[in-house]
Structure formats: C-alpha cells, structure tokens
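Visitor: Please take a close look at one part of this model, the packing of its nonpolar interior. A word on any unusual backbone angles would also help.

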Amino acid sequence: RGIRSRLCERGFKVHHAHVPFAASAEERANELKQETRRALRETGAERLHIIAHSMGGLDARRMIVDCDETAGSIASLTTIGTPHHGTSFADVALAKGGGKIVDTLSGYISLEGFKDLTRPTCAAFNERAEALEAENGVAYQTWTSAEPDEKSVFLPMRPSWRIIQREEGENDGLVAATSQAWTGELRGKQGAAKKVAQRRFPFDADHWNQIGWWHPNRWSRADGVFGVKAKIEDYERQVGAIYLEIAESVSAIA
C-alpha cells in the first residue's frame with residue numbers, strides 16, 4: 001500500500017511484478033523471469049534489485065537458482081516475511097485434509113503454491129540451492145517481523161497465528177520469525193561463504209502490515225476518529241520508511 005509511490009517520490013525506478021496467485025513456485029518463478037526481462041528492457045538497466053514479500057521471496061530465489069541468465073541480471077534480493085524454512089501452518093493444514101482442497105480447486109485456481117510452503121519442501125530446496133546462492137553475484141538480505149498480540153493480528157490470520165505460535169513460536173500470522181530470517185551465512189562447495197544481512201522491523205507487524213496495510217483492530221475506539229487517522233498515517237509512514245531504507249541500502253550495489 002503506497003510503497004511504490006513513496007519510492008518513486010525519492011527518485012527510485014520501481015516496477016511491480018505480477019505472478020499467478022498461489023501457483024506453484026516453479027510456475028511463479030517462470031513468470032517472474034518474464035517480468036524481470038520486461039523491467040530490464042524498459043529501464044535499459046544491466047541489473048535489478050528485487051524486494052520480495054512473502055512467497056515472492058521463494059519465487060525470486062528459485063528463479064535466480066534455476067536460471068543462469070536471470071541470475072546475472074539481479075544485483076540483490078531483499079525478502080520480507082518470506083517463509084524460507086516453510087511454515088507449520090502449511091504442514092498442519094495439508095495433514096488435516098488441506099491437500100484435498102488444493103486438488104479439488106485445481107481446475108479453477110492453482111493452489112499448488114501452498115504445497116511448496118511445507119517445511120520439508122523448503123528444506124529440500126534450501127539444501128539444493130545453498131551452494132549456488134553462496135557462489136552467485138547476488139547480495140541477499142532478509143527482513144523479519146512478528147505480532148506478539150493475537151488481538152492485533154488481522155482477523156482471518158488468527159487461526160494460523162495460533163498454529164504457528166504453538167509449533168514454532170513468534171510469527172506474523174503466516175510465517176514464523178525464524179523462517180523469515182532464513183540464515184546468516186550461505187556456504188558453497190568450494191569454501192565460498194556469503195553473509196546474509198538479517199534485519200527486523202522495529203515495531204510489531206503482521207504479514208499484512210508488512211506491505212503497508214493496517215486493520216481497525218490494531219487501535220482502540222477510544223482513540224476517536226482523528227486519533228485513529230493519525231495513528232494510521234504514522235504507521236504507514238513507518239512501514240514506508242523501511243522500504244526506503246531497503247532501497248537506499250542496495251542502491252550502492254552495482
């Protein structure tokens with residue numbers, strides 16, 4: 001919400017990528033590859049910086065690992081709220097019949113991406129990808145947030161928040177903080193080592209808040225209309241400041 005316009009106001013050239021909702025990671029990565037080519041063509045740039053939220057971080061990682069051509073055109077990847085180690089919510093949901101729902105709806109909308117979010121699936125990808133990520137020319141960083149108060153979590157995400165809180169601890173309603181943080185270092189087969197910068201939101205934020213959205217239950221009715229309006233504007237400013245910090249931090253990378 002408002003992130004692109006905030007960055008454009010500061011002189012950054014920003015492109016939104018569009019990939020199929022909840023499709024498989026492989027399909028989304030292929031679509032992201034086409035979006036990346038489009039941005040390169042339109043800007044004339046040699047390399048791009050990717051800021052990816054949620055599953056978008058996995059899409060970008062897979063694209064970089066599986067497409068040598070694209071990997072050379074990515075200068076950095078910043079992930080926000082990405083389930084690098086998967087999410088226990090996907091594990092539990094699929095174990096309790098969620099897989100049948102995915103298969104049933106496959107003729108109408110692709111939900112295969114949900115299966116790509118299980119912890120075993122993500123662990124297998126991490127093992128396959130680590131050496132390549134350690135040795136490529138992409139700079140990686142992660143941003144993590146959590147919402148410790150269930151009452152402040154977006155209502156539809158409260159059931160998943162409870163599952164993850166029980167299974168993995170602090171989380172943003174969909175992804176555990178430990179999964180968002182990924183790893184502090186990537187190691188290659190030939191001894192190469194690459195640091196992954198790990199950052200954290202300086203305020204509480206659920207998965208929805210991470211991209212600039214807010215919800216009424218975060219503030220009290222006692223604040224009044226004008227009080228709530230001021231708090232919303234301040235919250236959006238804080239989230240926007242994080243994206244600006246990200247953009248400025250990677251702009252020095254050629």
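Guide: What follows covers the cores and then the backbone angles. The model is a predicted one. The largest nonpolar core has 19 residues, and those that touch the most other members are Ile-50, Met-63, Ile-64, Ile-74, Leu-77 and Tyr-140. At least two residues of this core come from each of α2 (25–43), β1, α3 and β2 (74–80). The largest share, 4 residues, is supplied by α2.

Ile-74 can be followed residue by residue. Leaving aside residues up to four places away in sequence, Ile-74 touches Thr-36, Arg-47, Leu-48, Ile-50, Met-63, Ile-64, Gly-137 and Val-138. A second core, separate from the one above, holds 15 residues, among them Val-14, Trp-143, Ile-246 and Ala-247.

Now the backbone. Most residues other than glycine have a negative phi. Ser-54 has a positive phi, near 60 degrees, although Ser-54 is not glycine. Ser-54 sits in the loop between β1 (48–53) and α3 (55–66), and β1 and α3 are both among the elements that supply at least two residues of the largest core. With a relative accessible area of 18%, Ser-54 is buried, because the cut-off for buried is under 20%.

Trp-182 also has a positive phi without being glycine, here near 65 degrees. The loop that holds Trp-182 runs between α9 (177–181) and β4 (185–187). Trp-182 has 9% relative accessibility and therefore counts as buried.

Technical notes:
Residues numbered from 1 in each chain as written. Predicted model: local features only at pLDDT ≥ 70, side-chain atom pairs only at ≥ 80, totals over all residues. Heavy atoms only, no water. Buried < 20%, exposed > 50% of the residue type's maximum accessible area, 1.4 Å probe, protein only. Core = buried A, V, L, I, M, F, W, Y, C linked by side-chain atoms within 4.5 Å. Contact = heavy atoms within 4.5 Å.
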